[in-house]
Amino acid sequence: MIHQQLIFLSVEGIHGNEELTHAAGHSIERGYDGIEFEIEADSATKTPFGPEKFACIAAVNCPSIILEDATRVVSDLIHRAGEYCASFLTLRLPPLREFRRETKTREENAHANRLSKWSARTNGIVGTPTRMERGGLAEFEHYADALNFADGLLSGVRFEAEQVGIPVAIMAGAGGCLFSPVEVRELLDRTHTWAVGVCLDQDLLTGMGRVDDWLDALGHRVLCVRLSGGKALEEATALNVKGYRGPIVVDGEVDAKRLRSALQETGSGIY
C-alpha cells in the first residue's frame, strides 16, 4: 500500500466553524493535507466534522498544574478531538517558573509573527490571538514537581486516549521537565502505551539540540514534527533522509506543493 506523508498547516485564533472551515479549505487549496488548530473546553466551535472534509490535529495547552483538574480537562479534550476525527492531540505542558520569562517571550514573538502571516494569507479572516493571551499559563516552581505532574498526567489520560483512539503528543521543550530527549524517552516509556508520544517543535527546541538529534534518540515515539516556515523545506527533507515518515506541521510561510515535491525527490515523501 502506498502512503503519502501528511503535511499540516498550523493556524491560530480560530473561532467557530465558519472560520475553521475557511482556514482548512484555504490550506488544502495551497497543497496541505489539513490544519493544526487549538481546541478549548469552552470553544465556540461546536459542530464536529469528519475526515471526508479535511484532516486535522488538535492542539491543547494544559490548563492547570493541579493534577486532578488537568487530567479531567485533558481527558474531555481528547474526546473533543475525537469528534473532529483528529489524527492526534498535541499537548503543551506548563513550564518552570525560572524559564517562564524567556520561553514566554520567545513563544509570544513567534506567535505574533505566525498570526500576522496567516491573517495576510486569509485576507484578515482570522480570530483573536488566544494561545498566549488567555491570562497566562500555569507554571511550576520546582523541577521535581513538573516531572511528577507530567508522569501523573500522561498515566491519567492514557486509557482515555486508547479508548477514543486519539494519541497524545506532548510538546518537547515546552514543559518544565522536557529539556532532553533522554528525559522525554524515559517519561514516555513509563506509560507503556502506543497512545502517548511526543511532538518535536523546531522553535521550542532552540538551544536544546537539533530536531534530528532528538529524532535519533526518540525514534518511533515521535508522532509529529513542527517546523518553522523559513527552514521547513530544508529541515523536512533532512529528517526524511534520516527515516522520518510521520506528519509535518508547518508553522509559517512555505510552499506546501514544493515541499511535497522535495520529499518525493528524496524517495521518502511516498512510501
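This passage walks through a predicted model of one protein chain, from its overall make-up down to single residues.

On the whole-chain level, the secondary structure comes to 8 helices and 8 strands. Of the 271 residues in the chain, 56% are buried. The accessible surface adds up to about 11,800 Å², and carbon and sulfur atoms account for 51% of that. Contacts tend to reach a long way along the sequence: taking those between residues at least 6 apart, 77% join residues at least 24 apart.

How far can the picture be trusted? The mean pLDDT of the chain is 79, with 77% of the residues reaching 70 or more. Two stretches deserve some caution. Over residues 101-106, pLDDT stays under 50, and the model has 2 contacts beyond four places in sequence for them. Residues 111-136 also have pLDDT under 50 throughout, but here the model has 54 contacts beyond four places in sequence. Where pLDDT is low, the predicted coordinates should not be read in detail.

Next come the cysteines. The structure holds 0 disulfides. Cys85 is in no disulfide, and the nearest cysteine sulfur, which belongs to Cys56, is 7.5 Å away. Since a disulfide needs two cysteine sulfur atoms within 2.5 Å, that distance of 7.5 Å is too long to count. For Cys199 the nearest cysteine sulfur is that of Cys224, at 3.1 Å, and Cys199 is in no disulfide either. The same cut-off of 2.5 Å explains this, because 3.1 Å is still over it. The surroundings of Cys85 and Cys199 can be put side by side: Cys199 has 0% relative accessibility and so counts as buried, while Cys85, at 38%, counts as partly exposed.

Cys85 has something else to show. It sits in the loop between helix 2 and strand 4, and its phi is near 55°, a positive value in a residue other than glycine. His192 also has a positive phi, about 55°, although it is not a glycine. The loop holding His192 runs between helix 5 (181-189) and strand 6 (196-201). Is His192 buried or exposed? Its relative accessible area is 66%, so His192 is exposed.

Now for the rings. The structure holds 2 aromatic pairs. In one of them, the ring centres of Phe37 and Tyr84 are 5.4 Å apart and the planes stand at 90°, so this pair is edge-to-face. The pair ties together distant parts of the chain, 47 residues apart: Phe37 belongs to strand 2 (residues 34-38), and Tyr84 to the loop between helix 2 (67-83) and strand 4 (89-92). Phe37 is buried, at 3% relative accessibility, and Tyr84 is buried too, with a relative accessible area of 1%. The other pair is Phe140 with Phe149, whose ring centres are 5.1 Å apart; their planes meet at 55°, so the pair is tilted. Both Phe140 and Phe149 are buried. A ring also turns up in a charged setting: the charged end of Arg158 sits over the ring of Phe159, 4.5 Å from its centre.

Strand 4 comes up again with Leu89, which is located there. With 0% relative accessibility, Leu89 counts as buried. Which residues does Leu89 touch, leaving aside its neighbours within four places in sequence? Among them are Ile39, Ala58 and Val60, then Leu77, Ile78 and Ala81, and also Ile166, Pro167, Val168 and Ala169. Leu89 can also be placed relative to Gly197: the two are 108 residues apart in sequence, yet their C-alpha atoms are 9.9 Å apart in space.

Finally, there is helix 7, which covers residues 232-241. Its buried residues are Ala232, Glu235, Ala236, Thr237, Leu239 and Asn240. An α-helix has 3.6 residues a turn, so residues three or four places apart point the same way. The buried residues of helix 7 pack against two other helices and two strands: helix 6 (211-218), helix 8 (256-265), strand 7 (222-228) and strand 8 (248-251). After helix 7 comes Gly243, with a positive phi near 110°.

Technical notes
Residues are numbered from 1 along each chain as its sequence is written. This is a predicted model: local features need pLDDT of at least 70, side-chain atom pairs count only at pLDDT 80 or more; totals for chains, interfaces and linings use all residues. Side-chain values use heavy atoms; hydrogens and water are left out. Buried means under 20% relative accessible area, exposed over 50%, partly exposed in between (1.4 Å probe, protein chains only). Rings of Phe, Tyr and Trp (its six-membered ring) pair if their centres lie within 6.5 Å; planes under 30 degrees apart count as stacked, over 60 as edge-to-face and the rest as tilted. Helices (H or I, at least four residues) and strands (E, at least two) are DSSP runs, numbered from the N terminus. A charge sits over a ring if NZ of Lys or CZ of Arg is within 6 Å of the ring centre and within 35 degrees of the ring normal. Contact means heavy atoms within 4.5 Å. Accessible areas come from the Shrake-Rupley method with a 1.4 Å probe; for residues, only the protein chains shown count as cover. pLDDT is the predictor's confidence in each residue, from 0 to 100.
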